[in-house]
Amino acid sequence: MPHISLEYSANLEQRADIKALCEHLRAQAATIDALPMPGLRVRAIRCDHYAIADGNPKHAFIDISVRLRAGRPDDVKRDAAERLFKAAKAFLEPVLATSSLALSLEMRDIDPDLSPKTGTIRDHLGTV
């Protein structure tokens, strides 16, 4: 159950394909053993109202939040965070090279005692 959420400034849609970024991160996450594929969820939340740095409307941001069930060792989480950040940075390199963009990622644990879950996705993997 890794949940990957991207909050991004609306002005970024003119510079980057956010849907493709979600798929890029999903595909990268699926290669990381600590992030089981059946639990992957990647979503993007557009922020229409924001203020950045000196207020210049050309500034943009993407804040990536990765939430996962507690229990993984810190070195495993650090490796996963670094790999996901590297993937996001590589995808966004053309934007970073040509415009003002703040990119950040934070990984945090979800307390399993306070987060009940159910689902049938695993039952339907590989079916249409």
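The exercises below, each with a worked solution, concern a predicted model of a protein chain.

**Exercise 1. The overall fold**

Task: Find how many helices and strands the protein chain has, and in which order they run.

Solution: Begin with the count, which comes to 4 helices and 4 strands. Next, follow the protein chain from the N terminus, where the elements run β-α-β-β-α-α-β-α. The C-alpha trace spans about 45 × 35 × 25 Å along its principal axes, and buried residues make up 37% of the 128 residues. Finally, turn to the contacts between residues at least 6 apart in sequence, of which 83% join residues at least 24 apart.

**Exercise 2. The length and buried face of helix α1**

Task: Compare the expected span of helix α1 with the distance between its end C-alpha atoms, and then work out where its buried residues lie around the axis.

Solution: Helix α1 covers residues 18-29, and its 12 residues, at 1.5 Å a residue, should span 16 Å. The end C-alpha atoms are 16 Å apart, which agrees with that expectation. The buried residues of α1 are I18, L21, C22, L25 and A29. Seen down the helix axis, these buried residues fall within an arc of 100°, so they line one face of α1. The general background is that an α-helix has 3.6 residues a turn, so residues three or four places apart point the same way. As for partners, the buried residues of α1 pack against the strands β1 (3-9), β2 (41-47) and β3 (60-69), and also against α2. At the N-terminal end, α1 is capped by D17, which places a side-chain oxygen 3.3 Å from the backbone nitrogen of K19.

**Exercise 3. The cysteines C22 and C47**

Task: Decide how many disulfides the structure holds, and whether C22 and C47 are buried or exposed.

Solution: A search of the whole structure finds 0 disulfides. For C22, the nearest cysteine sulfur is that of C47, and it is 13 Å away; a disulfide would need the two sulfur atoms within 2.5 Å. The search from C47 leads back to C22, again at 13 Å, and C47 is likewise in no disulfide. For burial the cut-off is under 20% relative accessible area, so C22 counts as buried because its value is 14%, and C47 counts as buried because its value is 18%.

**Exercise 4. The nonpolar core**

Task: Identify which residues have the most contacts inside the largest nonpolar core, and which elements give two or more residues to this core.

Solution: The largest nonpolar core has 29 residues, and those with the most contacts inside it are L12, I62 and I64. The elements that give two or more residues to this core are β1, α1, β3, α2 and β4 (101-110). To look at one of these central residues, take I62 and leave aside its neighbours within four places in sequence: its contacts include L6, Y8, L12, L21, L92, L101 and L103.

**Exercise 5. A buried lysine and a loop aspartate**

Task: Locate K77 and D111, and determine for each whether it is buried, partly exposed or exposed.

Solution: K77 lies in helix α2 (residues 74-91), and with a relative accessible area of 14% this lysine is buried. Beyond its neighbours within four places in sequence, K77 is in contact with R72, M107 and D109. D111, by contrast, is found in the loop between β4 and α4 (121-124), and its relative accessible area of 37% makes it partly exposed. From D111 to D123 there are 12 residues in sequence and 25 Å in space, taken from C-alpha to C-alpha.

Definitions and conventions: Residues numbered from 1 in each chain as written. Predicted model: local features only at pLDDT ≥ 70, side-chain atom pairs only at ≥ 80, totals over all residues. Heavy atoms only, no water. Buried < 20%, exposed > 50% of the residue type's maximum accessible area, 1.4 Å probe, protein only. Contact = heavy atoms within 4.5 Å. Expected span 1.5 Å × (residues − 1). Arc of directions from axis to C-beta. Polar contact = N/O pair within 3.5 Å; in protein donor to acceptor, adjacent residues only side chain to side chain. Core = buried A, V, L, I, M, F, W, Y, C linked by side-chain atoms within 4.5 Å.
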